Amino acid sequence: MIILATNLKANMDIAFTRRFQSMIYFPTPNYEQRLRLWRNSFEGLQLEDDVDFHQLANDHKIAGGSIINILRYCSLSALSRGQDKIAMEDIEEGLRKELRKEGKTL
């Protein structure tokens with residue numbers, strides 16, 4: 001069994017996709033789902049008072065994998081500063097980096 005995942009289905013040719021037994025579509029999470037993903041991903045971490053998950057969920061239509069990558073960036077950024085709290089600035093920079101990988105800007 002082989003499982004492939006992509007958010008660029010349009011880049012796969014028909015001859016290749018014809019060989020798949022099943023293709024499952026996962027839509028981008030809606031606002032409520034994104035809010036839950038943000039909260040659950042950062043649960044248990046110390047956050048500065050300026051962190052606003054409602055704003056992040058509302059403004060950025062991204063999936064859970066991207067949020068986890070942002071979390072990793074934020075954690076390393078705070079550690080490199082010698083701090084134990086994650087600030088909104090950390091999240092925004094992680095978001096910029098993640099969006100750049102997708103060819104998007106903040």
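Here is a friendly conversation about this predicted model.

User: What makes Asp 90 count as buried, and where is Asp 90 found?

Analyst: Asp 90 is found in helix 5. Buried means under 20% relative accessible area, and Asp 90 has 4% relative accessibility, so Asp 90 counts as buried. Leaving aside residues up to four places away in sequence, Asp 90 touches Tyr 73, Cys 74, Ser 77, Arg 81 and Lys 85.

User: Which other residues of helix 5 are buried?

Analyst: Along with Asp 90, the buried residues of helix 5 are Met 88, Ile 91, Gly 94, Leu 95, Glu 98 and Leu 99.

User: How do you know that the buried residues of helix 5 lie on the same side?

Analyst: They cover an arc of only 160 degrees around the axis, which puts them on the same side of helix 5. The face turned away from that buried side carries the exposed residues Glu 89 and Arg 100.

User: What covers the buried residues of helix 5?

Analyst: The cover includes helix 2 (31–41), helix 3 (53–59), helix 4 (64–80) and strand 2 (85–86).

User: How does the reach of helix 5 compare with what is expected?

Analyst: Helix 5 covers residues 88–101, which is 14 residues. From first C-alpha to last, helix 5 reaches 20 Å, close to the 20 Å expected at 1.5 Å a residue. After helix 5 comes Gly 103, whose phi is positive, near 75 degrees.

User: Why is the pairing of Lys 101 with Glu 98 called a salt bridge?

Analyst: A salt bridge needs a side-chain nitrogen of Lys or Arg within 4 Å of a carboxyl oxygen of Asp or Glu. The closest N and O atoms of Lys 101 and Glu 98 are 3.0 Å apart, so the pair qualifies as a salt bridge. Both residues lie in helix 5, 3 residues apart, about one turn of the helix.

User: Are Lys 101 and Glu 98 buried or exposed?

Analyst: Lys 101 has a relative accessible area of 59%; exposed means over 50%, so Lys 101 is exposed. Glu 98, at 8% relative accessibility, falls under 20% and therefore counts as buried.

User: What makes Arg 96 and Glu 93 a salt bridge, and what separates them along helix 5?

Analyst: Their closest N and O atoms are 3.1 Å apart, and the cut-off is within 4 Å, so Arg 96 and Glu 93 form a salt bridge. Being 3 residues apart in helix 5, Arg 96 and Glu 93 are separated by about one helical turn. Arg 96 has a relative accessible area of 32% and Glu 93 one of 24%. Partly exposed is the range between 20% and 50%, so both residues are partly exposed.

User: How do you know that Lys 104 and Glu 102 form a salt bridge?

Analyst: The closest N and O atoms of Lys 104 and Glu 102 are 3.3 Å apart, which meets the cut-off of within 4 Å. Salt bridges that share partners also join Glu 93, Arg 96 and Arg 100 into one network. The structure holds 5 salt bridges.

User: Why is Leu 4 called exposed, and which patch does Leu 4 help form?

Analyst: Exposed means over 50%, and Leu 4 is at 54% relative accessibility, so Leu 4 counts as exposed. Leu 4 lies in the segment before helix 1 (14–17). With Ile 2 and Phe 16, Leu 4 forms a nonpolar patch on the surface, with about 350 Å² of accessible area together.

Methods: Residues are numbered from 1 along each chain as its sequence is written. This is a predicted model: local features need pLDDT of at least 70, side-chain atom pairs count only at pLDDT 80 or more; totals for chains, interfaces and linings use all residues. Side-chain values use heavy atoms; hydrogens and water are left out. Helices (H or I, at least four residues) and strands (E, at least two) are DSSP runs, numbered from the N terminus. The expected span of a helix is 1.5 Å times one less than its number of residues. Buried means under 20% relative accessible area, exposed over 50%, partly exposed in between (1.4 Å probe, protein chains only). The arc is that of the directions from the helix axis to the C-beta atoms. Contact means heavy atoms within 4.5 Å. Patches are made of residues with over 30% relative accessible area and no salt bridge: like charges are joined within 9 Å, nonpolar side chains (Val, Leu, Ile, Met, Phe, Trp, Tyr) within 5 Å. Accessible areas come from the Shrake-Rupley method with a 1.4 Å probe; for residues, only the protein chains shown count as cover.
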